[in-house]
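Hi,

Here is the structure I promised to pass on. Have a look at it first, and then read on for my notes.

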Amino acid sequence: MDYTLPIYVISVAAELADMHPQTLRQYDRLGLVTPSRAPGRARRYSQKDVSTLREVQRLSQEGVSLEGIRRILDLENQVAALQSRVAELSSELAARRVHAESSRVFAAGLAGDVVTLVRGQRPRARSQALMVWRPEPARTANQAYTRAP
């Protein structure tokens, strides 16, 4: 089941969150929980909304003001968004590392050993090292007879 699918009417969501339906309406007006709207403007709550309502209730019972709860929920949403972005950037970085490792350049050193070079770097002019390169991919018949600009 989708955690964010709005399936509960206000009475069911209130019962699941152990609250009065009027409390849910008040929290909606304050922006603590924003349920989806069905045709006819009826509120529909998801399981995520019910979990948020339980968190609001817990914080309220601990003495946190409604404005404080709103700020806490906003910060938690920001943290979740940033964690998602970090995961996205981490996977992109990993993909770039794999690509970078597969496109390394090597040269032969003076003693005949293999030396790794950064792309665009040349071996020392006096070393008389031999540069090894990867040939371009095979061209089609049409590409073979056209001149590159």
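Which side chain does the side chain of D28 make a polar contact with? It's the side chain of R37, at 2.9 Å. Keep in mind as you read that this is a predicted model, with no experiment behind the numbers below.

**The D28 corner**

D28 is found in helix α2. With a relative accessible area of 14%, D28 falls under the 20% cut-off, so it counts as buried. Its partner R37 is partly exposed, at 36% relative accessible area. The D28 and R37 side chains also qualify as a salt bridge, 2.9 Å from N to O.

What else does D28 touch? Leaving out residues up to four places away in sequence, the contacts are V33, T34, P35, R37 and R43.

**The chain as a whole**

Stepping back a bit, the chain has 149 residues, and 19% of them are buried. Its secondary structure comes to five helices and five strands. Starting at the N terminus, the order is α-α-β-β-α-α-β-β-β-α.

If you take the contacts with a separation of 6 or more, 45% of them are between residues 24 or more positions apart. The accessible surface is about 11600 Å², and carbon and sulfur atoms account for 55% of that.

**Helices α1 and α2**

Helix α1 covers residues 10-17, and its I10, A13, A14 and A17 are buried. Looking down the axis of α1, those buried residues fall within an arc of 100°, so they line one face of the helix. The general background is handy here: an α-helix has 3.6 residues a turn, so residues three or four places apart point the same way. As for what that face meets, the buried residues of α1 pack against α2 (21-30), β2 (43-44) and α3 (47-61). Just after α1, D18 has a positive phi of about 60°.

Helix α2 can be read in a similar way. Its buried residues are L24, Y27 and D28. They cover an arc of only 105° around the axis, which puts them on the same side of α2. So the D28 from the opening question sits on that side, along with L24 and Y27. Just after α2 there is another positive phi, this time at G31, of about 85°.

**S46 and the start of the chain**

Next, a spot in the loop between β2 and α3: that is where S46 lies. S46 is buried, with a relative accessible area of only 4%. Which residues does S46 touch, not counting those up to four places away in sequence? They are Y3, T4, L5, P6, I7 and Y8.

Two of those contacts, L5 and I7, turn up again on the surface. Together with M1 they form a nonpolar patch there, with about 330 Å² of accessible area between the three of them. M1 is in the segment before α1. At 76% relative accessibility, M1 is over the 50% cut-off and so counts as exposed.

**Salt bridges**

How many salt bridges does a search of the whole structure find? Eight. Besides the D28 and R37 pair, here are two that sit in helix α4 (residues 66-102):

- D74 and R70 meet at 2.7 Å, N to O. They lie four residues apart, about one turn of the helix. Both are partly exposed, D74 at 30% relative accessible area and R70 at 26%.
- R96 and E92 meet at 3.1 Å, N to O. They too are four residues apart, about one turn of α4. Here R96 is exposed, at 56% relative accessible area, whereas E92 is partly exposed, at 36%.

Finally, back to where we started: salt bridges that share partners join D28, R37 and R43 into one network. R43 is also on the list of residues that D28 touches.

That's what I have for now. Shout if you'd like to go through any of it together.

Cheers

How values were computed. Residues numbered from 1 in each chain as written. Predicted model: local features only at pLDDT ≥ 70, side-chain atom pairs only at ≥ 80, totals over all residues. Heavy atoms only, no water. Buried < 20%, exposed > 50% of the residue type's maximum accessible area, 1.4 Å probe, protein only. Arc of directions from axis to C-beta. Contact = heavy atoms within 4.5 Å. Patch = residues over 30% accessible without salt bridge, like charges linked within 9 Å, V, L, I, M, F, W, Y side chains within 5 Å. Areas by Shrake-Rupley, 256 points an atom, 1.4 Å probe, with all protein chains shown as cover. Salt bridge = Lys/Arg side-chain N within 4 Å of Asp/Glu carboxyl O. Polar contact = N/O pair within 3.5 Å; in protein donor to acceptor, adjacent residues only side chain to side chain.
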